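Work through the exercises below with the coordinates open. Try each task before reading its solution.

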Amino acid sequence: MTHSLKKMNENLTVVLGGAASGKSAFAEGLVQRIGGKRIYIATAQAFDDEMAQKIARHIDQRGTGWDTIEAPFDVADALISRHADEVVLLDCATLWLTNLLLAERDIGAETDGFLTALATCPAPVVVVSNEVGHGIVPDNALSRRFRAAQGHLNQQLAAASRCTVFVTAGLPQVLKGDLPA
């Protein structure tokens, strides 16, 4: 993973948190506050009933008024085609990275494309991502590779963002910048 965004992206807000921390609900509320045509870029894939139910809960939680783009792999393409009158919620970078890893795609090249698309996207973008570094060291190589890749991606996103928020138990803590109005 070679891409480094040296310039802060005024349109980028990153919402980090653990599993079931409330980060998606917080990000949805943030997008609604920002205003504009709401675009939801979904990266989840329903490979089993449990995941299908989780996706359905997220759809219900979001409510109406969202245009959804399913992009389990091609988030860069979804971002490049956005317009300045839109506001984008990408939920989530963690599942996107998982999809790439399991499909044995080039993580470095895909991350570079994603970060470049974020830097050039004319719309405000809120990216949801899991913080996975608070647990124990995984016992297998694939899990350790994923944890390292996720940590690196989160660091790159936070470095490039105008605002980074950490959500725990539904409570947001601003780590960097100010929340968009």
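The exercises treat one helix and the cysteines of this predicted model.

**Exercise 1. Find the span of helix H2 and compare it with the expected value.**

Solution. Helix H2 runs over residues 49–62, which gives 14 residues. At 1.5 Å a residue, 20 Å is expected. The distance from the first C-alpha to the last is 20 Å, close to that expectation.

**Exercise 2. Identify the buried residues of H2 and explain how they are arranged around the axis.**

Solution. Start with burial: Met51, His58 and Arg62 are the buried residues of H2. They cover an arc of only 35° around the axis, so they sit on the same side of H2. Next, list their packing partners: helices H1 (23–34) and H4 (93–102), and strands E2 (37–42), E3 (66–70) and E4 (86–91). Finally, turn to the face away from the buried side: Asp49, Glu50, Arg57 and Asp60 are exposed there.

**Exercise 3. Describe what caps the N-terminal end of H2 and what follows the helix.**

Solution. Aspartate 48 is the N-terminal cap. One of its side-chain oxygens lies 3.3 Å from the backbone nitrogen of glutamate 50. After H2 comes glycine 63, with a positive phi near 80°.

**Exercise 4. Count the disulfides and justify the count.**

Solution. The cut-off is a sulfur pair within 2.5 Å. Take cysteine 92: its closest cysteine sulfur, in cysteine 121, is 18 Å away, too far for a bond. Take cysteine 163: its closest cysteine sulfur is also in cysteine 121, 17 Å away, again too far. The count is zero disulfides. As for burial, cysteine 92 is buried at 6% relative accessible area, and cysteine 163 is buried at 0%.

How values were computed
Residues numbered from 1 in each chain as written. Predicted model: local features only at pLDDT ≥ 70, side-chain atom pairs only at ≥ 80, totals over all residues. Heavy atoms only, no water. Helix = DSSP H or I, 4+ residues; strand = E, 2+ residues; numbered from the N terminus. Expected span 1.5 Å × (residues − 1). Buried < 20%, exposed > 50% of the residue type's maximum accessible area, 1.4 Å probe, protein only. Arc of directions from axis to C-beta. Contact = heavy atoms within 4.5 Å. Polar contact = N/O pair within 3.5 Å; in protein donor to acceptor, adjacent residues only side chain to side chain.
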